[in-house]
Amino acid sequence: MEFLSTENTSGRLMELQPWISMCDSRCAFCYFPTTPTVKVPIERYMNMLKRELKMYAKTKYVKTSVFDEIVLGGGTPSVLSAEQMIDLIDFCKERFTTNDEYFIKVTGSSKTLALKKIDKLVEYGVYQMDMGAQTFDDKIRKMLCLPDTADSVEKAIRHAKKLGMCVCVDLMYNLPGQTMESWISTLKKAIELDVEIDAYSLHVDPGVPLEKMIEKGIAPRQGDAEYEKQQYLTAHKILTEAGYKAVGHDRFSRVEWHFRENCLNCWPWGGILTTGAGCFMGYLQKFSYSNLEDINEYIAAVEAGRFPINRLSESTDEDMMRRTMTRLYLRLPVSKKEFMEKFGTTPEKVFPKQLQKLKEKELIEIDDDEIRITKLGEVWKGNIAWEFASNSA
Ligand code: SF4
């Protein structure tokens, strides 16, 4: 972490991500390291979260960094009161440099987002609400132990939209027992509500409650790879026909300027400064990091004045070159000029076989300036990412 005492010379905008790693229920598929709200000493946690943010804010690296997003993630930040969320955002705004057009996002569930809470957040200037809607099929919602009903999710979204908020929902496909009709009806509801959509397939991680439910026959098994592919292709067709564009990891958006979102576009040279117990998406300069998951260990580490980092890894030049190529997975071009400036070589020299193979399959196109994903590549972007994984060469 010595680089924290050096200047940030990347010239790229960053994301600030304080995590509220608590939830008041447990979704059956969730692998996130969160703690039940009732077990969290909230005031102490919030104080330590601020102390950790302050530790970063004092460093030269962060003092010379500019942020264009403040994202309350987790967990379910909306378990906090509107006042607590606003106080935390104020704290960040006072200590970190933001650009003129920075925006604020808050993650929440309709169970904890009373309409009055939404009113206060909108009034304060929160731009976007992210909701893990997952599906509008109540039968599946119940099986997945989601904390609210499709109706209450819809009500919260309609209210936020009416007040001018941007709403982005996670939707999952290949859920146990999810028919094609159910998936299509969820997509149509999201289109009707005019929300941004992150569509991704369910991966049942080892140890999550859903794994046992499937083993015991309490929940049906997921569809096979072909069924999952058909669900994705169906979503791609329905959403693009409705005017959405596939952008980033799994996003479908109808908001033109979101296509150019900085944090995404700056990959892998921007950065995410993440803080809080269990946060795991941090990357600063060449370092990726995650924090201690246990909330009490986290609090103890910060109280003792230590960065509560649990895992830290430094990327080699080769790692950074591979990361740069994963811009294609994010549906972004790889600039040959920038590659040369950063690494003193070209993508064709470093990854000749991979690029040749992807070109032959018409998943990418290459000209003098850049390498781009094709329309076909958009659908098979996972295959593109695989070509640049360190264990595939
Ligand atoms: S709300 Fe999100 S973080 Fe909390 S249990 Fe559900 S999926 Fe996990």
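**A three-strand sheet, the ligand shell and the overall chain**

Trainee: This is a predicted model. In what order do the strands of the open three-stranded sheet stand?

Mentor: The sheet is open and has three strands. Pairing in it is antiparallel. The order is E15-E17-E16.

Trainee: Which strands stand at the edges, and why is one side of each left without a neighbour?

Mentor: An edge strand here has a single partner strand, so one of its sides has no neighbour in the sheet. That holds for residues 334-335 and for residues 364-366. The edge strands are E15 and E16.

Trainee: How many bridges join E16 to E17, and which residue of E17 stands opposite Ile-364?

Mentor: E17 covers residues 370-373 and runs antiparallel to E16. The bridges between them number three. Opposite Ile-364 stands Ile-373.

Trainee: Turn to the ligand. How many residues around it are nonpolar, polar and charged?

Mentor: The shell includes Cys-23, Cys-27, Cys-30 and Phe-32. Thr-34, Gly-75, Thr-76, Ser-109 and Gly-132 also surround the ligand, as does Arg-26. By class, that gives four nonpolar, five polar and one charged.

Trainee: What radius of gyration does the chain have, and why does it agree with a compact globule?

Mentor: The chain has 393 residues. A compact globule of that length would be near 21 Å, so the value agrees. The C-alpha trace spans about 55 × 55 × 40 Å along its principal axes. The radius of gyration is 21 Å.

Trainee: Among contacts between residues at least 6 apart in sequence, what share joins residues at least 24 apart?

Mentor: The chain has 17 helices and 17 strands. Of its residues, 39% count as buried. The share of those contacts joining residues at least 24 apart is 70%.

Definitions and conventions: Residues are numbered from 1 along each chain as its sequence is written. This is a predicted model: local features need pLDDT of at least 70, side-chain atom pairs count only at pLDDT 80 or more; totals for chains, interfaces and linings use all residues. A residue is near a molecule or strand if its C-beta atom, placed from the backbone, lies within 6 Å of it. Ala, Val, Leu, Ile, Met, Phe, Trp, Tyr, Cys and Pro count as nonpolar, Asp, Glu, Lys and Arg as charged, and the others, Gly among them, as polar. Two strands pair if DSSP finds at least two bridges between them. Helices (H or I, at least four residues) and strands (E, at least two) are DSSP runs, numbered from the N terminus. The radius of gyration is taken over C-alpha atoms; the globule rule is 2.2 Å times the number of residues to the power 0.38. A residue is buried if 20 or more other C-beta atoms lie within 10 Å of its own, exposed if 12 or fewer, and partly exposed in between; C-beta atoms are placed from the backbone. Two residues are in contact if their C-beta atoms, placed from the backbone, lie within 7 Å.
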